[in-house]
Amino acid sequence: MTHNLLDGKRGIIFGALNSKSLAWAVAKQCVAEGAKLVLTNTPIALRLGQIQQLAQETHSAIITADATNTDDLQHLFIEAQNILDGKIDFVLHAVAMSQNIRRGKAYQEADYNYMQQTLDISALSFHKLLQTAYQLDALNEYASVVALTYIAAQRAFQGYNDMADAKALLESIARNFGMIYGRQKRVRINTVSQSPTPTTAGTSIGNGVDRFFEISDHTSPLGNANQQDCANFCVILFSDYTRKVTMQNLYHDGGFSTTGIQLP
Ligand SMILES: NC(=O)c1ccc[n+]([C@@H]2O[C@H](COP(=O)([O-])OP(=O)(O)OC[C@H]3O[C@@H](n4cnc5c(N)ncnc54)[C@H](O)[C@@H]3O)[C@@H](O)[C@H]2O)c1
């Protein structure tokens, strides 16, 4: 279903690795709604992933950038404005990685170099992205920036490990930068707290991952929000229908976050 909600808008999408990625579905829905895009990911993701296919399908350019590297981010924002012929209207941050999770290091046995990397890639990159855009004045008035997060920022979830700390920081950055960017440039900044979704990052959270999805699905009165649901919600947040929504952490989780005990 399309409604041209993003007609003529210019966007940058971080984090599409393969067709399971949340960013993949967001990119496709944005283009279906009339947007023009630049896609970005790391050089290694370009080699190992399928982003070229997405670029073809969405008629988008790809600019490589490590989201932790401010020189890369500067290049990205300057080039994206050239390619799209104007300032940017929306940005999706869908970037996360934890070596502690990947290497099976439990939270209470964290490797601190890995932990710093987790925070840098999964949270500080959001500050770097925003600061770069702010300093270059690369975003239009009422532009919308969305980062994807998870409820492990508020509650303890076994196995979510140091990513929980990263998500708490990510959401805090959205609030604090949102206040400054909103006042000065009318830019909106929000986080979307998405249901567990079977993506590459989403299935790396360790043993029992199937149970994790299942329990969440069962607990949520509407069931888990899936990849396409996430794309549709992001489109609304990028659209002009949410111009006064900012500095929010918006649960997109089928009701999971406010459910207590349900009787069978
Ligand atoms: N899948 C879920 O269950 C779920 C739930 C809530 C939130 N999220 C969040 O959604 C976002 C997208 O993850 P996903 O589930 O689609 O998985 P994914 O593995 O498809 O996407 C993660 C992306 O991060 C990119 N990335 C890693 N390091 C990077 C760096 N240094 N610079 C730039 N990009 C880098 C990867 O290349 C990849 O494209 C993440 O922030 C994730 O935490 C996922």
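Pro264 sits in the segment after β7 (249–252) of this predicted model. Is Pro264 buried or exposed? Pro264 has 2 other C-beta atoms within 10 Å. A residue is exposed if that count is 12 or fewer, so Pro264 is exposed. Its C-alpha atom is 52 Å from that of Asp72. Along the chain, Pro264 and Asp72 are 192 residues apart.

Turn now to Ala23. Ala23 belongs to helix α1. Here the count of other C-beta atoms within 10 Å is 27. A residue needs 20 or more to be buried, so Ala23 is buried. Which residues does Ala23 touch, leaving out those up to four places away in sequence? They are Ile13, Phe14, Gly15, Ala16, Leu92 and Ala94. Leu48 is 25 residues from Ala23 along the chain, and the C-alpha atoms of Ala23 and Leu48 are separated by 16 Å.

Ala23 also leads into the nonpolar core. The largest such core has 75 residues. Ile13, Ala23, Val26, Ala27 and Cys234 have the most contacts inside it. Ile13 touches Ala23, Val26 and Ala27. Ile13 also touches Leu37, Leu39 and Leu92, again not counting residues up to four places away in sequence. In soluble globular proteins, nonpolar side chains tend to be buried together.

Leu37 and Leu39 bring us to strand β2. Strand β2 covers residues 36–41. How many of its six residues are buried? Six of the six are, and the strand is mostly covered. Lys36, Val38 and Thr40 point one way from β2. Leu37, Leu39 and Asn41 point the other way. All of these residues are buried, whichever way they point.

β2 has strand partners. One is β1 (residues 10–14), which runs parallel to β2 and is joined to it by five bridges. Within this pairing, Arg10 has Lys36 of β2 as its bridge partner. How does the chain get from β1 to β2? It passes through helix α1 (residues 22–32), and this β-α-β crossover is right-handed. Ala23, met above, lies in that helix. Another partner of β2 is strand β3 (residues 61–64). β2 and β3 also pair in the parallel sense, over four bridges. There, Asn41 is matched with Thr64 of β3 as its bridge partner.

Next comes the ligand. Around it are 27 residues. Which of them come nearest? Leu17, Ser21, Thr199, Ala201 and Gly202 do. Two elements give two or more residues to this shell: α1 and β5 (139–149). By class, the shell has 15 nonpolar residues, eleven polar residues and one charged residue.

Two loop residues deserve a look at their backbone. His59 is in the loop between α3 (51–58) and β3. Its phi is near 55°, a positive value in a residue other than glycine. Asn161 lies in the loop between β5 and α7 (163–185). Asn161 is not a glycine either, and its phi is positive, about 60°. Which of these is buried and which exposed? His59 has 9 other C-beta atoms within 10 Å, so His59 is exposed. Asn161 has 25 within 10 Å, so Asn161 is buried.

Conventions: Residues numbered from 1 in each chain as written. Predicted model: local features only at pLDDT ≥ 70, side-chain atom pairs only at ≥ 80, totals over all residues. Pairing = 2+ DSSP bridges. Right-handed = clockwise from strand over helix to strand, strands pointing away. Near = placed C-beta within 6 Å. Nonpolar A, V, L, I, M, F, W, Y, C, P; charged D, E, K, R; others polar. Core = buried A, V, L, I, M, F, W, Y, C linked by C-beta atoms within 7 Å. Contact = placed C-beta atoms within 7 Å.
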